[in-house]
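The following exercises concern a single protein structure. Each task is followed by a solution that proceeds step by step.

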Amino acid sequence: MAHPRPDSLEAALAKVFEDQNTRASWFALTGGELLFSAGDAPDSLYLLRSGRLGVFRQDEDQPPQFLGVIKPGEPVGEMALIAGAAHSASVVALRDSEILALPAEAFFDAVRTQPDVMIELSRLMLHRARERAPGVTEPSVFGFISVRGRPIRPFVDRVAASVVAQGFTCQVIDHSALSSVSEWFSRMEDTHDFVLYVAELDEPSWANLCARQVDRLFLVGNALMAPPANIPARIAHGLQQFTDLILLRDPRMRRPANTAVWLNAINPGRWFHAMEGDAADAARIARVITGTAVSLVLSGGGARAYAHIGAIRALHEAGIRFDFLGGSSMGAVIAAGPALGWTDDELEARIQRAFVRTDPLADLAFPIIAMTRAGKVDRLLEEAYGDIDIADMPLPFFAVSSNLTSGRIEVHRRGMLRRAMRASISIPGVMPPVVVNDQVLVDGAVIKNFPTDVMRHLNAGPIVGVDMSQMRGVDPATLANPPSWWRWIVSGAWKKGPPIVSVLMRSATITTDADMETSRAETDLLILPEPEGSDIRDWKVYEPVVAAGRAAALEALSELKGPVQTLRKRPSGGTPTPFADEDARPATSAAE
């Protein structure tokens, strides 16, 4: 076993923790157990001796956001201890782990006589502060556990081959390694960029070991089969946010189905659909693993959101394919198209049929609740999306609405797609709210017009964002000199609603500078279309707005120095160690 350099952090910490006078203590955590929670006062410096720890942040109204992995030999909690501030994130054991704890007083006594410890810790803190990209500390050890009758090894091998095709090293480890010593597992993890453990349905002992050995787990099932009766141990330990579901389907099954049954049984953090034997779907899972999966987030913007269509076409022509999609208001309506597998031409045809050739806000009503009845919008959404469940969409998708009952955002990842769309575009005063389980839902843009932070919780890879938040969408001339009722009716302008509709739509979707800056900072490629001559309710003005979106996307792409997929890509650092006896090794390497 190689020893650390004398001036390394590991060597410096080893001197402190091995000193008999430092009063360091040893303890173990089982997978899923907390080391400390955000907000706890720091009382010790921890050193991970074996296992792996996960760091995550819990933002209000959001699921836990995975920030990174702590590996053996690394300290934990040093920033809070030195700063004398509460822990800013929670740390949980991803697998069974052994930890050394040094009380705060003993730590500060030790650094007075060994200043090199503080120097090395300072270097580490600077590195962790600078390296904000998730790819630097993202998981690298994944488990694939079968919960279906057919073998999943061929699928995992295709995923591993796609990982290698990206330029990484990857080791696939199967049940033949069950009798291997722990040092062998550590060596595989240390010498490869990624390690994929795979366990079949009839290998319960190996599956249990895999579940407790990996950073993140994929359960691989079949949507047409019932979920397993026995929940894997990892779920039972409370690590749902680190457990994902992959549902494989037969190529003869055109669309995913039955996903909700699996979600109710397992409650995974994320879920993915893939076709049996399809190389493109295996490559998509590989991108999720390597942190190169590309997300698309589209903001609201009323009729001016047609610009998203031009941007999507330009991005597709540049060879960019999206692995996650989401949006708010009209951005969600348009993002749903690619998530459903619509081509660019189909997306344009459907949006034109639903919004351009018709008058979605033409069914005016006496404004008791809203200016329109929204019956026409309901029919158009039903025609476009039918009875599709969001969970059954081929690609991961979300829509955002605003919950007036709780005052928080509502993230729709399950349930009827058209109902989520209806809630996400329900501008207060323009369309009646949607009531679900006694919760009053309105347009997502009211609270979160550009939900990039929601996407960041789902995907560590590059985020492409198209934002219309601050684009002027109200014609001042129309408001300064409003038409008479007679002229308004005779001209046919009544079909898009009175000018007050523009005021209501724009007022409900104003984004503060602070919110806009925060949302845009989460993107890796930001596209800002500037359509001219269109009002936020001008549903008939289509081509110029689409062209503006395409032009903005082309301009943003021209400024890139490399492919979008690599904007957050971690460097390949694995150097596989050859085996002395090739025939004796217990697993195969996809890197060979």
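**Exercise 1. Helix α12 and its end**

Which residue just after α12 takes a positive phi? Determine also whether the residues of helix α12 are buried or exposed.

Solution. The model is a predicted one.
- Step 1. Just after α12, the residue G341 has a positive phi of about 90°.
- Step 2. Helix α12 covers residues 330-339, and ten of its ten residues are buried.
- Step 3. Among these buried residues of α12 are M330, V333, I334 and P338.
- Step 4. Because ten of ten residues are buried, helix α12 is largely enclosed by the rest of the structure.

**Exercise 2. The protein as a whole**

Describe the protein by its secondary structure, its buried share, its contacts and its exposed area.

Solution.
- Step 1. The secondary structure consists of 21 helices and 23 strands.
- Step 2. The protein has 592 residues, of which 55% count as buried.
- Step 3. Consider the contacts with a separation of 6 or more: residues 24 or more positions apart account for 78% of them.
- Step 4. About 25300 Å² of the protein is exposed, and carbon and sulfur atoms supply 54% of this area.

**Exercise 3. A salt bridge between two loops**

Which parts of the chain does the salt bridge between D215 and R52 tie together?

Solution.
- Step 1. Side chains of opposite charge can pair when their charged atoms come close.
- Step 2. The side chains of R52 and D215 form a salt bridge, with 2.6 Å from N to O.
- Step 3. D215 is in the loop between α7 (204-211) and β12 (216-222), while R52 is in the loop between β3 (44-50) and β4 (53-57); the pair therefore ties together parts that are 163 residues apart in sequence.
- Step 4. D215 and R52 are both buried.

The count of salt bridges in the protein comes to 21.

**Exercise 4. Salt bridges and helices**

Where do the partners of the salt bridges D157 with R153 and R313 with E348 lie?

Solution.
- Step 1. In the salt bridge of D157 with R153, the closest N and O atoms are 2.8 Å apart.
- Step 2. D157 and R153 both belong to helix α5 (residues 153-165); they are four residues apart, so about one helical turn separates them.
- Step 3. The relative accessible area of D157 is 33%, and D157 is partly exposed. R153, at 17%, is buried, since the cut-off for buried is under 20%.
- Step 4. R313 and E348 join their side chains in a salt bridge of 3.1 Å, N to O.
- Step 5. R313 belongs to helix α11 (residues 307-317) and E348 to helix α13 (residues 344-356), so this pair ties together parts that are 35 residues apart in sequence.
- Step 6. E348 counts as buried, with 14% relative accessibility.

Salt bridges that share partners also join R52, E189 and D215 into one network.

**Exercise 5. The surroundings of M275**

Which residues is M275 in contact with, leaving aside its neighbours within four places in sequence?

Solution.
- Step 1. M275 is located in strand β14 (residues 270-275).
- Step 2. With those neighbours left aside, M275 is in contact with R249, D250, P251, M253 and D281.
- Step 3. R255 is 20 residues from M275 along the chain, and their C-alpha atoms are separated by 9.5 Å.

**Exercise 6. A charged surface patch**

Which residues form a negative surface patch?

Solution.
- Step 1. The patch is formed by E530, E532, E555 and E559.
- Step 2. Of these, E555 is placed in helix α21 (residues 543-558).

How values were computed
Residues are numbered from 1 along each chain as its sequence is written. This is a predicted model: local features need pLDDT of at least 70, side-chain atom pairs count only at pLDDT 80 or more; totals for chains, interfaces and linings use all residues. Side-chain values use heavy atoms; hydrogens and water are left out. Patches are made of residues with over 30% relative accessible area and no salt bridge: like charges are joined within 9 Å, nonpolar side chains (Val, Leu, Ile, Met, Phe, Trp, Tyr) within 5 Å. Accessible areas come from the Shrake-Rupley method with a 1.4 Å probe; for residues, only the protein chains shown count as cover. A salt bridge is a side-chain nitrogen of Lys or Arg within 4 Å of a carboxyl oxygen of Asp or Glu. Lys and Arg count as positive and Asp and Glu as negative; His and the chain ends are not counted. The place of a charge is taken as NZ of Lys, CZ of Arg, CG of Asp or CD of Glu. Buried means under 20% relative accessible area, exposed over 50%, partly exposed in between (1.4 Å probe, protein chains only). Contact means heavy atoms within 4.5 Å.
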